[in-house]
Amino acid sequence: MGEGEKMPLYGFDLISAMQDYAPSLLAVEKDRIGLQVGDPKSEIRKVLVTLDVNEEVVNEAIRIGANWIVTHHAVIFQPLKEIRTDQPVGRMFARILANHINIYVAHTNLDAAVNGVNDVLAAKIGLKNTKTLITYKEDPLKKLVVTVPVDHHEPVLQAVSEAGAGWIGNYSHCTFNVEGTGTFLPRDGANPYVGKAGELERIREIRLETVMPASLESKVIQAMLEAHPYEEVAYDIYPLHLKGTPLGFGKIGDLPKRMKLDDFAGLVKKAYACDGVRVVGDPHEQVRKVAILGGSGGRYIADAKRQGADVYITGDLDFHTAQEALAQGLSLIDPGHYIEHWVVPQVCKKLKERLNRQVEVEPSRVDTNPFRFI
């Protein structure tokens, strides 16, 4: 390639980048995530990031030359019984396939990801001291053990630590290291870092041990292999019977100071640029502890109340859920499902970083919110 030319990137590069940002391990069971349309070997020309995929978004992708779409809501959620091109859905899929557009979905895994939907929403209203609202599984811990020649020990230690291994509480780079002697005998065709083919080699090595979340295993291993000098790296991975990191969605945290419910509702409306919000509760009630769950979270009002929330922000609330919350003394603010679109710029940012800015990544300009206020 000529100087200044960019290396081509393919679908599996994008999938790897999204797995790094929002691992599929974070998704709830049977969620519709991952590559739903297309070929992972398809070269990336441009990426369009959106909350939803509809015919207008597909036309936008065609217009700007994007052949990859990353979406939060699945384009195939219910099983397709037919694809009729005289109907809107069938017409949309016909255009997707005719224009070789690939579609990747990150749904509940993006809800639960660090800097995902709920982190973005919590930050926009200034929540502090946030923690997960709904825990549905754990990210199990594993132990990585690798032997490294002494002169490469520090680069490997730094590489696996920067990739996310070695965290214990608020301490990073936690490892155990002991020096010993490694042996190997290079056979015909080998290209050893030290030694000669046919001769038994003895070398001073350090056995490096560290812990890592299962969700980061592939990233840590890749970082370790890239930093390690050996042609064939000897390493082991062990499951651990230790409590892992809680995985879940939604956030609960504190406002900087108490404020009246209706004043806070006004703040929410402004922060999320909503045309209006629905509010349940005494307008003069003082609120400080706030629970939030992007999307449709009415089923979790009991969880929000149990964790001490004064007010719970979520979308798609129905009449009876609102009555139940009121009876329990929990205030509600419903800014609508569409506020999840605030994660789109964050997805663009993370993809650009992880793809080394080698391809263009653009946010969709299509407003897919079906509701309006008059």
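Q: What makes the contact between Lys 219 and Asp 20 a salt bridge?
A: The term asks for a side-chain nitrogen of Lys or Arg within 4 Å of a carboxyl oxygen of Asp or Glu. In this predicted model, the closest N and O atoms of Lys 219 and Asp 20 are 3.4 Å apart, so the pair fits the definition. Lys 219 lies in helix 7 (residues 217–227) and Asp 20 in helix 1 (residues 11–21), so the salt bridge ties together parts that are 199 residues apart in sequence.

A word on the ground rules: residues are numbered from 1 along each chain as its sequence is written. Because the model is predicted, local features need pLDDT of at least 70 and side-chain atom pairs count only at pLDDT 80 or more, while totals for chains, interfaces and linings use all residues, and side-chain values use heavy atoms, with hydrogens and water left out.

Q: Why is Lys 219 called partly exposed?
A: Buried means under 20% relative accessible area, exposed means over 50%, and partly exposed lies in between (1.4 Å probe, protein chains only). Lys 219 has 33% relative accessibility, so Lys 219 counts as partly exposed. Asp 20, at 24%, also counts as partly exposed.

Q: Which residues are linked with Asp 20 in a network of salt bridges?
A: Lys 219, Glu 353 and Arg 354 are linked with Asp 20 in that network. A search of the whole structure finds 17 salt bridges.

Q: Is Glu 209 buried or exposed?
A: Glu 209 has 16% relative accessibility, so Glu 209 counts as buried. Glu 209 forms a salt bridge with Lys 143, with 3.4 Å between the closest N and O atoms. Lys 143 is in strand 6 (residues 141–149) and Glu 209 in strand 8 (residues 201–213), 66 residues apart. Here a strand is a DSSP run of E with at least two residues, and a helix is a run of H or I with at least four, both numbered from the N terminus.

Q: What makes strand 2 and strand 15 a pair?
A: Two strands pair if DSSP finds at least two bridges between them. Strand 2 (residues 46–50) and strand 15 have four bridges, in the parallel sense, so they meet that definition. One of the bridges joins Lys 46 to Glu 360 in strand 15.

Q: Why do strand 1 and strand 15 stand at the edges of the sheet?
A: The open sheet of five strands has the order 1-4-3-2-15, with mixed pairing. Strand 1 (34–37) and strand 15 (360–363) each have a single partner strand, so one side of each is left without a neighbour in the sheet.
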